[in-house]
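Please open the model in your viewer and keep the selection tool at hand. The tour proceeds from one selection to the next and describes what is found at each stop.

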Amino acid sequence: MISTLIYSSTSCLVGDAFQFDREMEKIRHVAAQRNEEHGITGFLFYFDNRFVQILEGEFEAVTHIYSRIRHDERHKGARIIWFSEIEGRDFSKWSMECSMNFIERNHSELNVKLKFINRFISDTSQQPIMLRDLLVSVALEMQRRQDFPKPQLVPLAANRNTSR
């Protein structure tokens with residue numbers, strides 16, 4: 001069985017747009033490496049100063065990655081929205097890096113959906129199953145778009161070795 005965990009947190013990233021972009025690039029790079037190493041797939045949303053992430057993988061890997069995420073000083077108030085076992089991955093073909101790049105490029109178009117999701121996340125009385133279904137539905141819809149980036153075919157470890 002595959003475990004899935006969804007959490008939200010508030011960003012602590014400060015600085016101008018350039019500094020913010022550099023920090024997000026660092027997050028993308030490190031997350032891509034760690035997720036590949038641990039067999040983690042999922043989707044990462046960033047909007048309204050909030051991270052919302054869907055993680056999928058083996059139980060030990062998901063809990064290990066989330067433990068690291070909780071202690072990352074670039075955000076605060078990490079809160080698990082959903083945790084369960086699932087039959088199979090929803091995001092087996094896509095990397096977190098693709099989702100972050102796509103949301104950045106299409107932020108204005110996605111703004112209405114993201115604001116709607118933010119209302120559900122902010123309201124702690126919402127039932128978790130509804131929020132999980134909403135997040136997965138929006139993420140899968142984004143993935144199906146023609147302009148959603150395709151994952152790299154070469155593993156990141158191989159890319160690092162050739163760039164030396």
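Select Asn 49, and ask whether this residue is buried or exposed. In this predicted model, Asn 49 has a relative accessibility of 37%; because buried means under 20% and exposed means over 50%, Asn 49 counts as partly exposed. The residue belongs to the loop that joins strand E2 (41-47) and strand E3 (50-57).

Keep Asn 49 selected and display its surroundings. Its side chain makes a polar contact, at 3.3 Å, with the side chain of Tyr 46. If residues up to four places away in sequence are set aside, Asn 49 touches Ser 9, Thr 10 and Ser 11. Add Leu 13 to the selection: this residue is 36 residues from Asn 49 along the chain, yet the two C-alpha atoms are separated by 8.6 Å.

Next, select strand E1, residues 2-11. How many of its ten residues are buried? Nine are, so the strand is largely enclosed by the rest of the structure. Show E3 beside E1: the two strands pair in the antiparallel sense over eight bridges. Within this pairing, Ser 8 has Val 52 in E3 as its bridge partner. Now show strand E4, residues 75-86, which pairs with E1 in the antiparallel sense over nine bridges.

Within E1, select Ser 3. Opposite Ser 3, in E4, stands Glu 85. Ser 3 has a relative accessible area of 1% and is therefore buried. Which residues surround it? Beyond its neighbours within four places in sequence, Ser 3 is in contact with several residues, including Leu 55, Glu 56, Phe 59, Val 62 and Phe 83.

Move on to helix H1, residues 17-38. Before the helix, select Asp 16, which caps the N-terminal end of H1. A side-chain oxygen of Asp 16 lies 3.1 Å from the backbone nitrogen of Phe 18. Then measure along the helix with the viewer's distance tool. At 1.5 Å a residue, the 22 residues of H1 should span 32 Å, and the end C-alpha atoms are 31 Å apart, which agrees. Which residues of H1 are buried? They are Met 24, Ile 27, Arg 28, Ala 32, Gln 33 and Asn 35. As a general point, an α-helix has 3.6 residues a turn, so residues three or four places apart point the same way. Just after H1, select Gly 39, which takes a positive phi of about 70°.

Finally, clear the selection and view the whole protein. It contains six helices and four strands, and from the N terminus on the elements run β-α-β-β-α-β-α-α-α-α. Of the 164 residues, 42% are buried. The accessible surface comes to about 9,400 Å², and 52% of this belongs to carbon and sulfur atoms. Among contacts with a separation of 6 or more, 79% join residues 24 or more positions apart.

As a last step, colour the model by confidence. The mean pLDDT is 77, and 76% of the residues reach 70 or more. Confidence is highest in helix H2 (residues 59-70), with a mean of 94, and lowest in helix H6 (residues 156-162), with a mean of 38. Over residues 153-164 the pLDDT is below 50, and this stretch has eight contacts in the model beyond near neighbours in sequence.

Definitions and conventions:
Residues numbered from 1 in each chain as written. Predicted model: local features only at pLDDT ≥ 70, side-chain atom pairs only at ≥ 80, totals over all residues. Heavy atoms only, no water. Expected span 1.5 Å × (residues − 1). Buried < 20%, exposed > 50% of the residue type's maximum accessible area, 1.4 Å probe, protein only. Polar contact = N/O pair within 3.5 Å; in protein donor to acceptor, adjacent residues only side chain to side chain. Contact = heavy atoms within 4.5 Å. Areas by Shrake-Rupley, 256 points an atom, 1.4 Å probe, with all protein chains shown as cover. pLDDT = per-residue confidence, 0-100. Pairing = 2+ DSSP bridges.
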